[in-house]
Structure formats: structure tokens, C-alpha cells
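The following paragraphs explain a protein structure step by step. Please keep the structure in view while reading.

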Amino acid sequence: MSLFRSRFVQAVLIVALAFVVLRFGIRPPAPWSVIKIYMTVVFLAVLIYVSADADSWRSFVGPIRSTLVDPSRRLVRAALAIVLPILLGYYAYTQAAATPEAPAELRAVHPAPPGSIQFRGKEINISGVENPLRRDQASFKKHAAAGGETYIKNCVYCHGDNLDGHGQFAPALSPPPADFQDPGTIAMLQEAYLFWRIAKGGPGLPRESTPWNSAMPAWEDRLTEEQIWQVIMYLYDATGQQPRRWETAH
Amino acid sequence: MRPLRALRWVAWTAFAAGILVAVVAVLTALPAYAQDAAQEPAYRAFPVIGSRLAVWAVAQLHLNFAAFILGVPIFAVIIEIIGWRTRDARYDWLSHELVKLTFAAFSTTALLGALLLFLFVGYYPKFWTYMTSIFFPTYWIYALLFFAETFTVYLWYYGWDWLSGSKKWIHVGLGVLSNLLGTSILVVANSWVTFMMSPAGITESGALKGSVWGAINNFTWMPINIHRLIANIVFGGTIAAAYAAFRFLNATTDEERARYDWMGYVGNFVALSAFIVLPFAGYWLGREIYAFNQTMGITMMGGFMSWLWIIQAILIGILFLGSNYYLWLGMERIPGSERYRKYVPYMLTILAIGFMVWATPHSLIVTLDEARAMGGTHHPFLGFFGVMSAKNTAVNLMILTTFLSYVLYRRANRLSIKPWVLTGMAIQWGAFFVAAAIVVFYGVYGYFVESIVRIGFSVYQVGAVLGAIALVMTIDVPMFRGARSTGAIRWGRIPARSQYVLILLAVTFTWLMGLMGFARSGIRQYWHVYGVMRDTSVDAVTPALGYAANVITIVTAVFFALVMFIFWLGGLSERGKAGAHGLPAPAISGGSEDDR
């Protein structure tokens, strides 16, 4: 099996295998933006692998060099001279051609919150604030249950009855509703952050990284301050997540 | 006029001009401070490119040069001490060579600093007046420190031959003193820049409350001091290594190649040693920013700057891969290193996977179809790699792997003759595996606890890695003392591509510094002084990442063009002689086993 001992063949196989694993081995499929990053790393690593010592480098460069200069490889050279430009041209076409699909958007999932917000004429601090209803632990169940009711009446249509973002309206929305079960969403945020997002919704998102296109309504006109804090308690209670606590400067 | 004298004349003239400009600029600022601020224009427009871009470019260039002249002397004096205690002339030569590079860049740093001051006074007068109202006492301290630093470094450089032999301890003392003064300059300047980020010691109206110490000792001051100090050493090491690589590639004799190969190796070793602890310092700084102000923290890590961290991850991944690659290529000049080649693919695999995990974005760029297939904007599998648990685990394993590379390199031509060698090696491998297990354990456990507990896990991970490094080295040094050699290192016999890697590392690190400087400064958004003094200029908009990347790239290119020019100037003094300070340069080729 001398063919597989060739560093050049090994390099090609590693790159091809990595692509197959990344493209078809991850379910659901990884976004192309991520696959590009991963393949760049694989390509760099393979280059380092084949050139980390002189013997390996000679073994890698040998076939390339003989293809370029060896008279017996004339036909291969000619074939490459035709195939490579066609492949490059095809790649250029795929990058430039118009498609019916909307282009991918670079969104910041966690926009920075303001220090405070106006809620029905009252200023509410976002920075450093805990959920005031948690002070009374005896009423925790009562508040969580009330929050659940509010959720079922208002939020379930988009965020789903499993709180996983798969509500009835979800397929029509882009970006999709937040999945609260995901450890990368509410588990990473303080409750005050959720209060801001629920109260101000999509219209209240900051201008950074626009367009947001979020369909989240601003609930401040429909829910009271207490109802929002109750919903927040319900979200954490139902998903088993813990809200992020505030840190203090050291 | 002889070239060396000409160089000295140029350096002195440039330095004097820098000081003059600085003094004039400060004096210009004083009347503005005294006058009613309302009568002054808040801003003036810099021609063509605008004031912000002018300040940005000059500040970045100044910082690059300042980082170089503050970073290099730190390890130059350590190398001088090694040469002094071991009586090895090569270290003394190398130390002098490094200080020569610093010396050549000194005047440019002062000139750029003066130019920056000019720009602030001229184009941001109101801002500068405010900063002066808070920090005026520190200006005097800064100026005095700068004078003291300058004269100490000049004495250190010019007194190299004069203060040799029995007076060497005085010379080493000058080196230590110049480092203390340089670090003091750094911490004074850091107080200004960190105050802009996390102001403290002031009233609600922004006036100084109590002493200036309250403003100096703000929330991010000490984390930045530590972070910049370590980063300066890395930066200095990479630039010195790039200089050596440049000289290696232009060398005409084997002796010259050997000398600069060795210098490049030492530069990279210094950079790598400091680089290993740099992520920990950066993490501390990030935590303090987050703790000071959540909005600022989220803007930096989760808001519109979150993609900047993906670029950062890619650059740091390149630094890790490049540093290891250089060590692996360097093994080729070490007889006996062949036995370690088989480990390279495994180490490379860990580094590559760590790189991929680190570069996995938290906010994915997805098309609508991809989002639907994923069931949201979070990928159910890749989402695990987008959070800090995964990234901390990846970077700690990469650091451990890089350290393993170094350990293998270190012992490549040595065979221990100690009777306890098997036990020693077993403990060393055990330390590696235990540290890796702790890192992975807390990385996985981090997904099952709340955020604030997870953040604390990073301390255990870092502790495990640093503990393993300390234990392995504690065993390694005595284990290989008096070891049997499998052959001397053939300095100079390394592929040319290794030298391009050194240049790549220097460029990458410079670019990275520019990028992170933009992040640190950009998170203030439309504030000159966060929450205190609003930016009401026409430039009060945070630039997009693409624009910032272009500016940083151009500034990096200008920096390297200036560095090459300055190094060329420095090289003029050597034309026609191999030695750098009166003595012939020591032979390096075929060095002993103690070369490392």
C-alpha cells in the first residue's frame, strides 16, 4: 500500500475525510459559515503535518513537482489545465449567481442591554437588579404558576408548549423564536435582561448590528411589571435552568 | 561621519525633538485648561481622514513601539543576567543585540507619543482639558519617569563595554532599573486609558473626588497593567524573533545563519513562555469589564463585537499552530529528535480540534433554511462549542499541548542518566494526564451548573495547567542535568520556512494587538469617558468590524515598514564588522547541549 504512504495522498485523504465528516456527520447539518472555518483549520493543520520535517515535505512535494515538470505526466498536466480553471469558474459562479434564498445574516444573539429602561413611566434599572419576586421564597410556586398562565395565554404560540421555540407560529418567523431549553439562551442571562427583552421586544432592540427583524412584541403595553417577573420565574422553573447571578468587581 | 556616530546623532536629535514637541504640547494644553471650556471648540477636524482616524492610527503606532521598547528590555536583562552568571559571552551578545533594537526604536516611540499628544490637544481640546483636570499630577510623574527611563537605557546601552568585568553588576542593575522605570511608565499611561473605560474616583458631574489615586485605581487598571505587561513581553519576543529571521534569511555565512537562528529561537521561546499565560490575564480583564458594567461586557462578548472574538480565536489559533510548528521544524537541527516525531500528529490533532472549538461562533451566521433545519439559530450540537466552557477547555488543552511540544524539544538531544528517570517520566506524564482530565472534567461539568459557578471553574482549569507545568519542569531540570548528549544542536540548519513562520507570528501578534485594542476602546461606544463625557463629534459612531480590520491592517503594515527602516538604520552601525559592541560576535554553530 505504498500509495497511502505518500504524504500527498494522505493530505488529500485527510482533507476529503474531514469534509465528509463535517458536512454529513453532523446532524442537523452545520451551517456553511462554520464548515468554512473548520475546513480552513483542517487545511492549515494538514499543511503543517506534511511540512513538519524534511522527509515528509519531500514526500508531499514530490508528486506535485513531477506532475508539473515530468514529461511522462504531460496528459495529467493538460487535464489539470482544463479541469482546475473550470472548477474555479464554477466556484466563482456559485458565489456570484443570484439565488432565491435570502442571504445569511450576521446577528448578535445577545445585544447589550441599557442600564435602565422606562416602563409605563417608571424607570427600571436593568443593571444589577434581581427579580423582586424571588425575595419571598414562600410565594415562589404561586408566582411561577401565575407566570405559566401568562405564558400559555401570550407566549406559547411562538415559543411552544415545550419552551423550545417550536410554537405554531414559529415556522413563519425569521429569526426563529428563542429556545429556552437551550443552555445558550436564558441560562446565560440575568433575569433583568429577560425583563428588558420581554418589556421592549423587537422594537426596543438597540441599533447595533441591525437589522434585527425580530417579531417579538413589546409586552410592556399588555403585561404588568409583576406579570413579566412572574413569566421569567416560570421560564427558569419550567426549563430547570438557573438565572445568571450578578458578579461584583474584584 | 562614521555610521555609528551618525546613528547616535539621529537618535539624540529625534529624541530631543520628541521631548520638545511633548513639552510644547503640554504647555499648549495648560492655557486651555485655565480658560473657560465653553469658549473652546469641543472638536477640530483633521484634514481628509478625520480626527478619530488620525488619533487611532497614531495611538496604535505609538502603542506598538511602546510595547516593543518596554517588552524587550524585560527579557534582555534576564538574558544578560544568565550570561553574567554563566560567563557565556553568547548571552551577553544577544542581550546587547536586543537592547540595540530597543534603542533604535526609542526615539520613534517618543516622537509618536508627542504626536499623539498634539492630536489630542489640537483636535479634542475639551476632552483633553477634562482629562487634564483629573490627571494633571500624573503628567509630571510621567515626564519624570520618561526622562529617568531614557537616561537609564542610554547608560545601559552605551555603558555595555565600560561597565563590564567586575563592574558588570552595576550594568545589570541599570538594566533592572530601566525595566522598573519602563513598567512604571506603562502603569501611569494605563491609568488614563482605563479611566476612560471604567471611570472611578469622581463625582456624578465628573469632577475629581478626593485624590487622583481614586481615578488611577479604577476597576480595569490592574487587569490591564498585568495583561499589557505580559503581552509586551510576547510582542517584544515575536518582533525580536522576526528581526532574527530577517537577518537569517539575508545571512551570507553559516556562522551568521547560526547566530540569528539561535536569536530567533530565543525570541520565540520568550514569546511562547509569556504567551502561555496571556489568555489567563485576558480572561481576568474580561471578567472585570463584565463585573464593572454588564452592558459593556455584553457589548464586548455577546453584542456587536462578538464576531471580533472569532477573528481573535483564529489569530490566536494561528499563533499556537505557528509556535508549535516552529518547534517541530527546529527539532530537525537536533540529532536524536527523530524519536519524538511520532508524537507530532497527535499534538497537531489536539491543537486543530482545540482551534476549531475556539473558533466556533456563539452567534452563527445561518441562512433561513439552515436555521429551520437547526430548529432555531442555535445548533443543537455545535451550540455546545460556542460557550465559554468549551472554549476554556480548548485553550487549556492547547496550552498543555504547546508545553508538551516544548518539553520534547528541550530533551530532544539528551538522554537522562539519572537512576530515577523512569519514575520521573511517569510522574511527568501523570501530571499531563491529570491536568488534562481536570480541564475536561470542569469543561463538561460547566454545562450542568449555573453561569456564576461555571465562571469559577476556569480557575481550577488554569490552576491544573499551571500546576502541571510547574511540576513537570521541577522534575525535568534535575532529570536532564548532566544528561548524555546525542549530538550538538546544528544551529543554522533549519528550513527557511521556519523563519517565515517567525515573521508570520510577529505580524499576527501585532495585528491581534490592534484588534483587541479596538475592542477595548470600541466598547465605550459613544463615550470619551464611559458614562461621564459623551462623544459628540461627527465620529461618534462605532466603526464596523470590516472598517476596523482595514485600519488595523494598514497601521500594522506601516508599523512594520517603520520597524524595518529603523532596524536597517540600526544595522548601519555594524557594517564591516561582525561584533556589535567592540567585541567579535561569539560563535554559535555547533553549540553545546546547554544551548537551550
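In this predicted model, Glu370(B) has a relative accessible area of 15%, and because this value is under 20%, the residue is classed as buried. Glu370(B) belongs to helix H12 of chain B. Which residues does Glu370(B) touch, when those up to four places away in sequence are not counted? They are Pro31(A), Trp32(A) and Ile365(B), and the letters in brackets show that two chains are represented in this list. The side chain of Glu370(B) also reaches the backbone nitrogen of Trp32(A), at a distance of 3.0 Å. A second residue of chain B, Asn232(B), helps to place Glu370(B) within its own chain: the two are separated by 138 residues in sequence and by 43 Å in space, from C-alpha to C-alpha.

The contacts of Glu370(B) with chain A lead to the interface as a whole. Here 62 residues of chain B are in contact with 62 residues of chain A. Between them, the chains bury about 5,300 Å², and 63% of this area is on carbon and sulfur atoms. On the side of chain B, the residues that lose the most area to chain A are Gln294(B), Met356(B) and Ile365(B), which together account for 11% of what that side buries. Ile365(B) has already appeared above, as one of the residues touched by Glu370(B).

Polar and charged groups also meet across this interface. The rule finds 2 salt bridges between chain B and chain A. One salt bridge joins Asp53(A) to Arg341(B), with the closest N and O atoms 3.5 Å apart. In addition, 9 residue pairs are in polar contact across the interface. Several elements of chain B give two or more residues to the side that touches chain A, among them helix H8 (254–292), helix H12 (368–374) and helix H15 (451–479). The residues on that side comprise 36 nonpolar, 16 polar and 10 charged.

Attention now turns to chain A. Its domain assignment gives domain 1 (2–96) and domain 2 (116–239), and the C-alpha centres of these two domains lie 48 Å apart.

Is His159(A) buried or exposed? His159(A) is buried, because its relative accessible area of 10% falls under 20%. This residue lies in helix H7 of chain A, which covers residues 156–159. Beyond its neighbours within four places in sequence, His159(A) is in contact with several residues, including Tyr151(A), Asp164(A), Phe180(A) and Met216(A). Ala178(A) is also in contact with His159(A), and the backbone oxygen of Ala178(A) lies 3.1 Å from a polar atom of the His159(A) side chain.

Conventions:
Residues are numbered from 1 along each chain as its sequence is written. Chains are lettered from A and ligands numbered from 1 in the order in which they are written. This is a predicted model: local features need pLDDT of at least 70, side-chain atom pairs count only at pLDDT 80 or more; totals for chains, interfaces and linings use all residues. Side-chain values use heavy atoms; hydrogens and water are left out. Contact means heavy atoms within 4.5 Å. Buried area is the accessible area (1.4 Å probe) that two parts lose on being put together, summed over both. A salt bridge is a side-chain nitrogen of Lys or Arg within 4 Å of a carboxyl oxygen of Asp or Glu. A polar contact is a pair of N or O atoms within 3.5 Å; within protein, one must be able to donate a hydrogen and the other to accept it, and residues adjacent in sequence count only if both atoms are side-chain atoms. Helices (H or I, at least four residues) and strands (E, at least two) are DSSP runs, numbered from the N terminus. Ala, Val, Leu, Ile, Met, Phe, Trp, Tyr, Cys and Pro count as nonpolar, Asp, Glu, Lys and Arg as charged, and the others, Gly among them, as polar. Buried means under 20% relative accessible area, exposed over 50%, partly exposed in between (1.4 Å probe, protein chains only). Domain bounds come from an automatic or database domain assignment.
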